[in-house]
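Me: Please take a close look at one part of this structure, a charged residue and its surroundings, and then place that part in the context of the rest of the chain.

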Amino acid sequence: MASFLLLAHCILPHLAATIPKERTSAWTVTDLMGQAFLKVRPEQATPLPLRLDSQLPPAGKILLIAANQSLLEITQSEGNFLRLGRATLAEFSNEKIRLLQGSCLRNTKEETLFALSGKKVDAGIRLKGTLMAESTGNGGMKVVLVAGKADIGTDADGARPLRPGQLIFVHGSPARLGDLYDLDLPLLLSTSRLVSGFKKPLPNLASMRTSMLIQGLNTKRRYEALVGDAPDDEKVQVWAIKEK
């Protein structure tokens, strides 16, 4: 916990106003489709298979692996869970998620401060709600708030609030925040396996429907579009489907 406090105050001072209390309950596998694995130590030659109701080690950084065509959900308490998408590698601890490959969804019932990183970038997140992240080809990541409230910050740019439906890229060295993109939330929710691929629906669907209505009222012209990869720090791939 001490190292996280140092990270929050030295690297992300704009997001360090609210530090969550230390949590002691174990993270448990609550949903699993396909195969998922755990590595406790970097030098561990063979990862350990995860099963439903497997408990993660109570402390320290671990590597979580969701295989191809596989999905994994781990839960610490009601409304506080993490989902990994297909072909995902993520270093994980109570205070940090480093997305080395693939995608994840983080849901928090209470306001929580944690570090969210890609291969080459580090950011801080303050979240109460649902947030998705995906690694990008330039070693960064794209982050979208699905529901609730969130702030994202880097040492170079400070903190920036996100509204539901807004996507932002994190890239560069030092890590910088890119432009904001307004996504079509119904399209996102209907196509994402992180939402629809699990047995239990997200707990804040009513809030998401409200977010969709507000987004539609605030955006007079929008496009149904898919925001793809960031192959380098200068390019973002966007495919427009149709104007609405």
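Reply: Before the charged residue itself, one exposed site may serve as a point of reference. Asp53 is exposed, with a relative accessible area of 63%. This aspartate sits in the loop between β3 (48-49) and β4 (62-66), and its phi is positive, about 75 degrees, although Asp53 is not a glycine. The model discussed here is a predicted one.

The residue for the close look is Arg106, which belongs to strand β9 (residues 103-117). Is Arg106 buried or exposed, and which side chain of opposite charge is nearest? Arg106 is buried, yet it has no salt bridge. The nearest side chain of opposite charge is that of Glu95, 9.8 Å away, whereas a salt bridge would require a nitrogen-to-oxygen distance within 4 Å. What the arginine side chain does have is a polar contact with the side chain of Asn80, at 2.5 Å.

Neighbours within four places in sequence aside, the surroundings of Arg106 can be listed in full. From strand β9 (residues 103-117), Arg106 is in contact with Trp27, Asn80, Phe81, Leu82, Ile97, Thr112, Phe114, Leu127, Gly129, Thr130 and Leu131. Asn80 thus appears both as a contact and as the partner in the polar contact.

The nonpolar packing of the chain gives the wider setting. The largest nonpolar core has 37 residues, and those with the most contacts inside it are Leu64, Ile74, Phe92, Leu116, Val143 and Ile152. Another core, of 14 residues, lies apart from it and includes Leu105, Leu185, Leu188 and Leu189. In soluble globular proteins, nonpolar side chains tend to be buried together.

Two further backbone features deserve mention. Gln69, in the loop between β4 and β5 (71-77), has a positive phi near 60 degrees without being a glycine; at 61% relative accessibility, Gln69 counts as exposed. A cis peptide bond joins Ser173 and Pro174, with omega about 5 degrees, and Pro174 is placed in the loop between β13 (166-171) and β14 (176-182).

Finally, confidence. The chain averages a pLDDT of 82, and 74% of the residues score at least 70. Confidence is highest in strand β1 (residues 28-33), at a mean of 98, and lowest in helix α1 (residues 2-10), at 40. Over residues 1-11 the pLDDT stays under 50, and the model has 20 contacts beyond four places in sequence for them. Residues 235-244 are also below 50, with 37 contacts beyond near neighbours in sequence. Where pLDDT is low, the predicted coordinates should not be read in detail.

Technical notes. Residues are numbered from 1 along each chain as its sequence is written. This is a predicted model: local features need pLDDT of at least 70, side-chain atom pairs count only at pLDDT 80 or more; totals for chains, interfaces and linings use all residues. Side-chain values use heavy atoms; hydrogens and water are left out. A nonpolar core is a set of buried Ala, Val, Leu, Ile, Met, Phe, Trp, Tyr and Cys residues joined through side-chain atoms within 4.5 Å. Buried means under 20% relative accessible area, exposed over 50%, partly exposed in between (1.4 Å probe, protein chains only). Helices (H or I, at least four residues) and strands (E, at least two) are DSSP runs, numbered from the N terminus. Lys and Arg count as positive and Asp and Glu as negative; His and the chain ends are not counted. A polar contact is a pair of N or O atoms within 3.5 Å; within protein, one must be able to donate a hydrogen and the other to accept it, and residues adjacent in sequence count only if both atoms are side-chain atoms. Contact means heavy atoms within 4.5 Å. pLDDT is the predictor's confidence in each residue, from 0 to 100.
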